[in-house]
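Trainee: Hey, got a minute to look at a structure with me? I'd like to start with the sheet.
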Amino acid sequence: MYHLSTAPAGARPAGKRGMRKEDSILIGLCADPPRPFASASAIDWGYLLRASAANRLDGIVFNALDRLGMLGAVPEAARVALEERYRRIVETVSVHLRHAQDLAARFSAAGLRMAVLRGPALGLTIYPKPYLRPFHDLDLLVPREELAGAKEILAAAGFLPEAGLLPDRYFEKHHLHLRRVHGQTRAVAEIHWAFDHPYAPTLVEIGALLARGRHAGPPGAPLVVLEPADSLVTLCLHLRKHCVFLDALRAEEDFPSLLIGERALLWLADIDRAARGMDAAGWERARKRAREWSLLEALESCRLAAERVWMALM
């Protein structure tokens, strides 16, 4: 949801022309390839680091500054903070990927279907390093009819229901995923059987998505991820679900800054990278599936939003 109160301190309010310099720098660092900026001086690094953290972009920012040869020009306090954040991201991603590989092997041995979504899947497919796409939980997609078996597999792997939550039967009736926490590593896994709530008018076919899944990651321990067109359409659904005013924001002159205030820049960066990696045939598949799933408007809205943000750098 859109809450101006969650914008990083100092974010430019709606209605003012253009966007803040630090927002432009942050967007440029998220571009592929990253865009250099004139000087590391006269930048509010406190704001930039807050906006980066709020949008979960620390890994991308650190790597982009390093690639551009600009890391040494960053003030020491900001550089040390980014280095520490990147170290923590590498640790978190490494732990979750090991769990993902273990779970994939368990699902395969049990003859059950499962695909890894979003963060870990994107880090293995559209980003050059898994650590550049941070995440704090494993999103696992399973067929609704195999949910009981999926819960058993996660329990056997050490993932148990989080204390204090309502019983599973509530979430299975009214929601779209169950949350599990590993007893030792505290890694989090969410078992999804849908991409939106049961009352939403979307028609994503989970079985077909899983049948079209592809392998990614090390040859000895591959993970099943979504086919690129399926991934793009479901990423657009995810962004529109969490940023319901995306179209209204896009009409504002300072849309890029508003998107950063919405803490949604990483999701749009995912969509931009996924879209630019697709050929004409891939785009046609994405449009066809979006049309079948009543998501063509979401796909087009996110495409226009990505164009608007990165065209702002021109």
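Mentor: Sure, and keep in mind that this is a predicted model. Five strands make up an open sheet here, ordered E1-E2-E5-E4-E3, with mixed pairing.

Trainee: Which are the edge strands?

Mentor: Those are E1 (115–117) and E3 (159–161), and each one pairs on one side only. Going from one strand to the next, the twist averages 35 degrees.

Trainee: How many bridges join E1 to E2?

Mentor: Three, and the two strands run antiparallel. E2 covers residues 138–141. Within that pair, Ala115 sits opposite Leu141 of E2.

Trainee: OK, and what packs on the sheet?

Mentor: Helix H6, residues 147–156, does, and it touches E2, E3, E4 and E5. The direction of H6 makes about 170 degrees with that of E5.

Trainee: Which strands does H4 lie across?

Mentor: H4 lies across E2, E3, E4 (177–182) and E5 (188–192). Its angle to E2 is about 20 degrees.

Trainee: Switching topic: is H3 mostly covered or mostly open?

Mentor: Mostly covered: H3 spans residues 58–67, and eight of its 10 residues are buried.

Trainee: Which ones are buried?

Mentor: Asp58, Gly59, Ile60, Val61, Phe62, Asn63, Ala64 and Leu65.

Trainee: And what do they pack against?

Mentor: Four helices: H1 (21–30), H2 (45–54), H4 (76–110) and H12 (265–276). So H4 turns up again, since that's the helix lying across strands such as E2.

Trainee: What about the phi of Gly69, just after H3?

Mentor: Gly69 has a positive phi there, about 70 degrees.

Notes:
Residues are numbered from 1 along each chain as its sequence is written. This is a predicted model: local features need pLDDT of at least 70, side-chain atom pairs count only at pLDDT 80 or more; totals for chains, interfaces and linings use all residues. Side-chain values use heavy atoms; hydrogens and water are left out. Buried means under 20% relative accessible area, exposed over 50%, partly exposed in between (1.4 Å probe, protein chains only). Contact means heavy atoms within 4.5 Å. Two strands pair if DSSP finds at least two bridges between them. Axes are lines fitted to C-alpha atoms, for helices over the stretch in contact, and angles run from 0 to 180 degrees between N-to-C directions.
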